[in-house]
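I sat down with this one today and kept a short log of what I looked up. Here is the page, in the order I went through it.

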Amino acid sequence: MYSSQLTDANFAAVVGARVKDARSKASLTLDELAERSGVSRRTIVSIEQGATNVSITLLLRISTCLGVGLATLLTEPKTNTLGILRESEHSVSWSGSYGGRAKLVASTESPEIFELWDWVLEPGESHQSEAHSDGTHELINVIQGTLTLTVDGTEDNLSVGDSASYTGTKPHTYSNRTSQATRFSLAVLQPHLRRKSAH
């Protein structure tokens with residue numbers, strides 16, 4: 001995922017197969033998914049074929065419309081009640097221009113989607129996130145460095161030990177404007193995703 005894109009060919013093929021399977025289970029045609037997600041039909045076809053580098057932003061739009069969490073498309077399904085994901089199994093879902101990265105380290109399954117992310121922003125890096133589905137909430141805790149958080153035009157700097165909570169239904173941006181790396185944990189709650197996405 002360089003410049004916010006998943007680039008490993010094998011991983012892209014796996015993600016594509018999961019998108020197609022989730023679309024089938026949701027009983028949506030390509031045209032219906034394209035209309036609801038705002039992602040072009042051609043792009044969705046390419047994603048399902050594992051033939052394109054897909055941005056995390058587009059994948060989030062698609063997963064929301066399919067009524068599944070992002071983890072359903074990015075990680076292996078749990079096989080028992082205790083879901084263990086080893087560090088070596090964490091996939092990088094976003095990479096910045098200077099070496100930063102975001103990893104989805106834990107998650108629950110729909111309809112109550114709860115995700116835990118590990119983020120590192122190198123100096124000068126920034127990630128802008130679109131507004132998420134209704135009811136989405138995010139929690140941040142800064143582990144290292146200083147994070148500039150902007151939510152719907154309101155900006156603040158968070159230092160080590162600082163935390164923030166906000167609704168994810170407004171555009172928001174994570175930035176590192178310092179000369180040192182910034183690391184933070186991000187928790188994302190999307191309640192009743194499947195029921196809200198159903199038509």
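The entries below cover the sheet, two helices and the aromatic rings.

**Entry 1, before starting.** I noted that this is a predicted model.

**Entry 2, the sheet.** I began with the strand order. I found an open sheet of six strands, and reading across it I wrote down 3-4-5-12-7-10, with antiparallel pairing. Which strands stand at the edges? They are strand 3 (92-95) and strand 10 (163-167). Each has a single partner strand, so one side of each has no neighbour in the sheet. I also looked up the twist: on average, neighbouring strands here are turned by 20 degrees against each other, direction ignored.

**Entry 3, one edge in detail.** I then followed strand 10 to its partner. Strand 7 (residues 137-144) runs antiparallel to strand 10, and five bridges join the two. For a landmark I picked Ile140, whose bridge partner in strand 10 is Ala164.

**Entry 4, helix 2.** I asked myself which residues of helix 2 (residues 30-37) are buried. My list reads Leu30, Leu33, Ala34 and Ser37. Looking down the axis of helix 2, I see these buried residues within an arc of 100 degrees, so they line one face of the helix. Just after helix 2 comes Gly38, with a positive phi of about 80 degrees.

**Entry 5, helix 3.** I put the same query to helix 3 (residues 41-48), and its buried residues are Ile44, Ile47 and Glu48. I took note of Glu48 being on that list. The arc they cover around the axis is only 95 degrees, which puts them on the same side of helix 3. Helix 3, too, is followed by a glycine: Gly50 has a positive phi, near 65 degrees.

**Entry 6, aromatic rings.** How many aromatic pairs does a search of the whole structure find? I got four. One of them is Trp94 with Trp119, a tilted pair with 5.1 Å centre to centre and 35 degrees between the planes. This pair links distant parts of the chain, since Trp94 sits in strand 3 and Trp119 in strand 5 (residues 113-121), 25 residues apart.

**Entry 7, are those two tryptophans buried or exposed?** The cut-off for buried is under 20% relative accessible area. Trp94 has 3% relative accessibility, so Trp94 counts as buried. Trp119 has 5%, so Trp119 counts as buried as well.

**Entry 8, the wider ring cluster.** Last, I traced the ring pairs outward. They link Trp94 and Trp119 with Tyr174 and Phe184 into a cluster.

How values were computed: Residues numbered from 1 in each chain as written. Predicted model: local features only at pLDDT ≥ 70, side-chain atom pairs only at ≥ 80, totals over all residues. Heavy atoms only, no water. Pairing = 2+ DSSP bridges. Axes fitted to C-alpha atoms, helices over the stretch in contact; angles between N-to-C directions. Buried < 20%, exposed > 50% of the residue type's maximum accessible area, 1.4 Å probe, protein only. Arc of directions from axis to C-beta. Phe/Tyr/Trp six-rings, centres within 6.5 Å; stacked < 30°, edge-to-face > 60°.
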